[in-house]
Amino acid sequence: MSTDRLLELDFTGPDLPLARITLAATLRRAGLPGAVRDALAQAVLEAMSNAVLHGGGAGRLTVDAADDEVRCEVVDAGPGPSAVVPAPESLSPESRTPGARQQAANRRGHGLLIAEALTNRIEVHPGPGDRGTTVVLAASLRTATSEPGPA
């Protein structure tokens with residue numbers, strides 16, 4: 001399994017507009033087509049905004065490509081997910097019913113729900129000692145390349 005690091009970027013709030021442009025260009029180079037690229041970029045931007053708003057005002061974005069997947073990781077050094085959102089189990093398949101989604105949204109806002117809806121995979125992990133949060137978002141290159149093109 002070979003992993004290629006495509007992007008590594010430290011960011012704060014004022015960096016988000018340029019980070020979005022840089023991320024979109026990186027995802028294009030990785031081979032993601034427009035719709036998948038835009039969805040993943042929006043999901044990552046939601047996680048980056050959460051890092052700025054709830055995770056200490058700054059974060060680090062890394063983008064890797066491996067095994068037919070583009071993986072984006074957003075890490076912050078804030079108070080940790082248990083201080084801001086319910087446990088990561090709220091993103092489990094069992095919680096993907098309309099009522100459960102709405103209850104989770106009422107407790108934590110909509111950013112991670114939007115990110116979840118836009119990606120193939122989302123994971124939320126607390127940092128060491130429940131300090132900081134890591135959000136992993138991924139899109140499959142295999143699925144992306146089989147996406148129908150314009151007619």
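Start the tour by selecting H125: leaving aside neighbours within four places in sequence, H125 is in contact with P81, G132, T133, T134 and V136. Keep in mind as you click around that this is a predicted model.

**Stop 1: around H125**

Colour by secondary structure and you'll see that H125 belongs to strand β4. Is H125 buried, partly exposed or exposed? Its relative accessibility is 35%, and since anything from 20% to 50% falls in the middle class, H125 counts as partly exposed. Now show side chains and add E123: a polar contact of 2.9 Å links the side chains of H125 and E123. For a longer jump along the chain, pick V75. It sits 50 residues away from H125 in sequence, yet the two C-alpha atoms are separated by 9.4 Å.

**Stop 2: the whole chain**

Zoom out and go back to the cartoon view. You should be able to find six helices and five strands. Follow the chain from its start and the pattern reads β-α-α-β-β-α-α-α-β-β-α. There are 151 residues in the protein chain, and 43% of them are buried. Switch on a surface, and you're looking at about 7800 Å² of exposed area, with carbon and sulfur atoms supplying 55% of it. Of the contacts with a separation of 6 or more, 64% are between residues 24 or more positions apart.

**Stop 3: the sheet**

Hide the helices for a moment. In what order do the strands line up in the sheet? The order is β1-β2-β3-β5-β4, in an open sheet with antiparallel pairing. Look at β1 and β4: these two stand at the edges with a single partner strand each, so each has one side without a neighbour in the sheet. On average, neighbouring strands are turned by 15° against each other, ignoring direction.

Next, select β1 together with β2. They pair in the antiparallel sense over eight bridges, and if you label T12, you'll find it opposite A58 in β2. Bring α1 back into view: this helix packs on the sheet, where it touches β1, β2 and β3. The direction of α1 makes about 175° with that of β1.

**Stop 4: D64**

Stay with β2 and select D64, which lies in that strand. Is D64 buried or exposed? With a relative accessible area of 8%, D64 is under the 20% cut-off, so it counts as buried. Show the side chain of R5 as well, and you can trace a polar contact of 2.5 Å between the side chains of D64 and R5. Setting aside residues up to four places away in sequence, D64 also touches T3, D4, L6, E69, V70 and R71, along with R5 itself.

**Stop 5: the nonpolar core**

In soluble globular proteins, nonpolar side chains tend to be buried together. To see the largest nonpolar core here, which has 30 residues, select L27, L40, V44, M48, L61, C72 and L137, the ones with the most contacts inside it. Which elements supply at least two residues of this core? They are β1, α1, α2, β2, β3, α5, β4 and β5. The largest share, ten residues, comes from α2, so colour 34-54 to pick out that helix.

Finish on V44. Beyond residues up to four places away in sequence, V44 touches L23, L61, C72, V74 and L137.

Note on methods
Residues are numbered from 1 along each chain as its sequence is written. This is a predicted model: local features need pLDDT of at least 70, side-chain atom pairs count only at pLDDT 80 or more; totals for chains, interfaces and linings use all residues. Side-chain values use heavy atoms; hydrogens and water are left out. A nonpolar core is a set of buried Ala, Val, Leu, Ile, Met, Phe, Trp, Tyr and Cys residues joined through side-chain atoms within 4.5 Å. Buried means under 20% relative accessible area, exposed over 50%, partly exposed in between (1.4 Å probe, protein chains only). Helices (H or I, at least four residues) and strands (E, at least two) are DSSP runs, numbered from the N terminus. Contact means heavy atoms within 4.5 Å. A polar contact is a pair of N or O atoms within 3.5 Å; within protein, one must be able to donate a hydrogen and the other to accept it, and residues adjacent in sequence count only if both atoms are side-chain atoms. Two strands pair if DSSP finds at least two bridges between them. Axes are lines fitted to C-alpha atoms, for helices over the stretch in contact, and angles run from 0 to 180 degrees between N-to-C directions. Accessible areas come from the Shrake-Rupley method with a 1.4 Å probe; for residues, only the protein chains shown count as cover.
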